[in-house]
Amino acid sequence: MTTNFDYLKNEPRFSTFADIAISAEKIILMDPEASIMNSRRAMEYALKWMYSVDAELEMPYQDNLQSLMNAEDYRQIIGQDLWRRMDYIRRSGNAVAHKCISQSGVISS
């Protein structure tokens, strides 16, 4: 099965998150909870990679996903629409990890 993320495998610089992103897509129908957790994990590794290569970004005091995403410099680069989508992945991954997601897929707090 070809995935939307297979191209990442061709770039060694994306090696920290390529396999995780590919796995998330491959298992989405079989195990949605594992898929969202892998999506969140891949996103966190991708953000850490971005901070390591972009001189405009300064690593926040804490290097957790929420801190990385909420740094003002980062938010300006990606824009509000993409940030909202990323935040949904982050919150969904957290909800699954803490079992706060209903059978219908609605996130609760």
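Here are three short exercises on the model above, each with a worked solution.

This is a predicted model, so to speak of local features we need pLDDT of at least 70, side-chain atom pairs count only at pLDDT 80 or more, and totals for chains, interfaces and linings use all residues. Residues are numbered from 1 along each chain as its sequence is written, and side-chain values use heavy atoms, with hydrogens and water left out.

**Exercise 1. Work out which elements make up the fold.**
- Helices are DSSP runs of H or I with at least four residues, and strands are runs of E with at least two, numbered from the N terminus.
- Counting that way gives five helices and zero strands.
- Reading from the N terminus, you get α-α-α-α-α.

**Exercise 2. Check the radius of gyration against the globule rule.**
- The radius is taken over C-alpha atoms, and the rule is 2.2 Å times the number of residues to the power 0.38.
- For 109 residues, a compact globule should come out near 13 Å; the protein has 14 Å, so the two agree.
- Along the principal axes, the C-alpha atoms fill a box of roughly 40 × 35 × 25 Å.

**Exercise 3. Take a close look at helix α5 (residues 80-97).**
- The expected span is 1.5 Å times one less than the number of residues.
- With 18 residues, α5 should span 26 Å, and its end C-alpha atoms sit 25 Å apart, which agrees.
- Buried residues (under 20% relative accessible area, 1.4 Å probe, protein chains only) in α5 include Trp83, Met86 and Arg90.
- The buried residues of α5 pack against α2 (32-53), α3 (65-70) and α4 (72-78).
- Just past α5, Lys99 has a positive phi of about 55°.

Definitions and conventions: Buried means under 20% relative accessible area, exposed over 50%, partly exposed in between (1.4 Å probe, protein chains only). Contact means heavy atoms within 4.5 Å.
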